[in-house]
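This briefing is intended for a reader who has the sequence and the coordinates at hand. Please consult the display below alongside the text.

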Amino acid sequence: MFYSKVSIDKYLIRLVKGEEINGAIKKFCEKLKIKNAEILGIGSIENPTLAHYRVDIKKYKEKIFNGIFELTSLIGNVAIFEEKPLVHIHVAISDEEMRSFGGHLVKGCVSATVEIVLNAFDSKHTKSYDKEIGLKLWKLQKKL
């Protein structure tokens with residue numbers, strides 16, 4: 001991984017071939033003590049596992065996509081869960097026939113590169129497990 005700090009709260013990150021995306025971003029946030037952030041990216045990914053969440057049964061259905069795919073969109077966030085950074089990413093990928101697929105990124109390795117813009121927030125918001133929904137959700141104080 002290579003990175004550059006481009007402003008007080010913004011980083012450009014380049015992941016390299018073979019790095020696992022979620023793990024690399026988590027390691028970056030731990031190293032730089034980033035608690036909250038938004039993540040945007042593009043690149044290429046190999047053999048990703050994506051998931052779709054069913055709220056009615058509170059379970060993810062996972063699917064492995066074998067091969068090399070364009071990572072046409074990567075969007076996510078970072079929050080604290082159980083005192084560690086929790087990286088939550090959704091992606092859109094496309095194959096060589098330009099067919100697109102998308103979902104929650106469970107895991108995936110960089111096949112050539114992934115370029116990320118990470119906007120860090122000067123906050124320490126956490127996520128907590130919501131039994132009704134079955135997911136780790138932002139723990140926010142204000143309600144409309």
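The points that follow move from the overall fold to the surface and charges, then to the aromatic rings and one strand residue.

The structure is a predicted model. The protein contains one helix and nine strands, and its 144 residues give a radius of gyration of 16 Å, which agrees with the value near 15 Å for a compact globule of that length.

**Fold and dimensions**

- Read from the N terminus, the order of elements is β-β-α-β-β-β-β-β-β-β.
- Along the principal axes, the C-alpha atoms occupy a box of roughly 45 × 40 × 25 Å.
- Among contacts with a sequence separation of 6 or more, 63% join residues that are 24 or more positions apart.

**Surface, burial and charge**

- The protein exposes an accessible surface of about 9,400 Å², and carbon and sulfur atoms contribute 54% of that area.
- Buried residues make up 37% of the 144 residues of the protein.
- The protein carries 24 positive and 18 negative charges, and the mean positions of the two sets lie 7 Å apart.

**Aromatic rings**

- Six aromatic pairs are present in the structure.
- One of them joins Tyr3 and Tyr11; because the ring planes meet at 55°, with 6.2 Å between the centres, this pair is tilted.
- The two tyrosines differ in burial: Tyr3 is partly exposed, since its relative accessible area is 47%, whereas Tyr11 counts as buried because its relative accessibility is 7%, under the 20% limit.
- Phe65 and Phe69 form an edge-to-face pair, with 6.0 Å from centre to centre and 85° between the planes.
- Both members of this phenylalanine pair, Phe65 and Phe69, are buried.
- Tyr3 and Tyr11 also belong, together with Phe28, to one aromatic cluster.

**Thr49 and its surroundings**

- Thr49 lies in strand S3, which spans residues 36-54.
- The relative accessibility of Thr49 is 3%, so this residue counts as buried.
- Neighbours within four places in sequence set aside, Thr49 is in contact with Glu62, Lys63 and Ile64, as well as with His104, Leu105, Val106 and Lys107.

Definitions and conventions
Residues are numbered from 1 along each chain as its sequence is written. This is a predicted model: local features need pLDDT of at least 70, side-chain atom pairs count only at pLDDT 80 or more; totals for chains, interfaces and linings use all residues. Side-chain values use heavy atoms; hydrogens and water are left out. Helices (H or I, at least four residues) and strands (E, at least two) are DSSP runs, numbered from the N terminus. The radius of gyration is taken over C-alpha atoms; the globule rule is 2.2 Å times the number of residues to the power 0.38. Buried means under 20% relative accessible area, exposed over 50%, partly exposed in between (1.4 Å probe, protein chains only). Contact means heavy atoms within 4.5 Å. Accessible areas come from the Shrake-Rupley method with a 1.4 Å probe; for residues, only the protein chains shown count as cover. Lys and Arg count as positive and Asp and Glu as negative; His and the chain ends are not counted. The place of a charge is taken as NZ of Lys, CZ of Arg, CG of Asp or CD of Glu. Rings of Phe, Tyr and Trp (its six-membered ring) pair if their centres lie within 6.5 Å; planes under 30 degrees apart count as stacked, over 60 as edge-to-face and the rest as tilted.
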